[in-house]
Amino acid sequence: MTGVVVDAATGRPIAGAHLTAGVETATTAADGRFALGVPAEIVTLAVSAAGYHPASAVVDARERRTLDLE
């Protein structure tokens with residue numbers, strides 16, 4: 001699963017955001033992009049970043065492998 005984490009108000013990428021899906025973890029790059037090696041199943045993706053409220057989303061990794069998260 002790949003994607004990008006952006007600020008909902010500005011649309012700017014968030015560098016250094018931490019993502020977790022099951023036992024897989026990732027940290028976004030300077031451009032807000034991330035890659036997680038999750039199985040093709042429904043997973044809960046948790047996101048946290050300094051200065052932002054933590055968020056989570058249930059994602060069906062069987063159908064959509066690229067995500068944009070705000």
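Trainee: How much area does the protein expose, and what share of it do carbon and sulfur atoms supply?
Mentor: About 4400 Å² is exposed, with 52% of it supplied by carbon and sulfur atoms. Keep in mind that this is a predicted model.

Trainee: And what percentage of the residues count as buried?
Mentor: 34% of the 70 residues are buried, taking buried as under 20% relative accessible area.

Trainee: How does the radius of gyration compare with a compact globule?
Mentor: It agrees: a compact globule of 70 residues would have a radius of gyration near 11 Å, and the protein has 11 Å. Along the principal axes, the C-alpha atoms fill a box of roughly 30 × 20 × 20 Å.

Trainee: Switching to secondary structure. How many helices and strands are there?
Mentor: There are 0 helices and 7 strands, so from the N terminus the elements read β-β-β-β-β-β-β.

Trainee: Which strands form the open sheet, and in what order?
Mentor: The order is β3-β2-β5-β6, 4 strands with antiparallel pairing. β3 (24-27) and β6 (55-60) are at the edges; each has a single partner strand, so one side of each lacks a neighbour in the sheet.

Trainee: What is the average turn between neighbouring strands there?
Mentor: On average 20 degrees, direction ignored.

Trainee: How many bridges join β2 to β3?
Mentor: 4 bridges, with β2 covering residues 18-21 and the two strands running antiparallel. Within that pair, Leu19 stands opposite Ala26 in β3.

Trainee: Last one, on contacts. What share comes from residues 24 or more positions apart?
Mentor: Such residues account for 42% of the contacts with a separation of 6 or more.

Key:
Residues are numbered from 1 along each chain as its sequence is written. This is a predicted model: local features need pLDDT of at least 70, side-chain atom pairs count only at pLDDT 80 or more; totals for chains, interfaces and linings use all residues. Side-chain values use heavy atoms; hydrogens and water are left out. Two strands pair if DSSP finds at least two bridges between them. Axes are lines fitted to C-alpha atoms, for helices over the stretch in contact, and angles run from 0 to 180 degrees between N-to-C directions. The radius of gyration is taken over C-alpha atoms; the globule rule is 2.2 Å times the number of residues to the power 0.38. Buried means under 20% relative accessible area, exposed over 50%, partly exposed in between (1.4 Å probe, protein chains only). Contact means heavy atoms within 4.5 Å. Accessible areas come from the Shrake-Rupley method with a 1.4 Å probe; for residues, only the protein chains shown count as cover.
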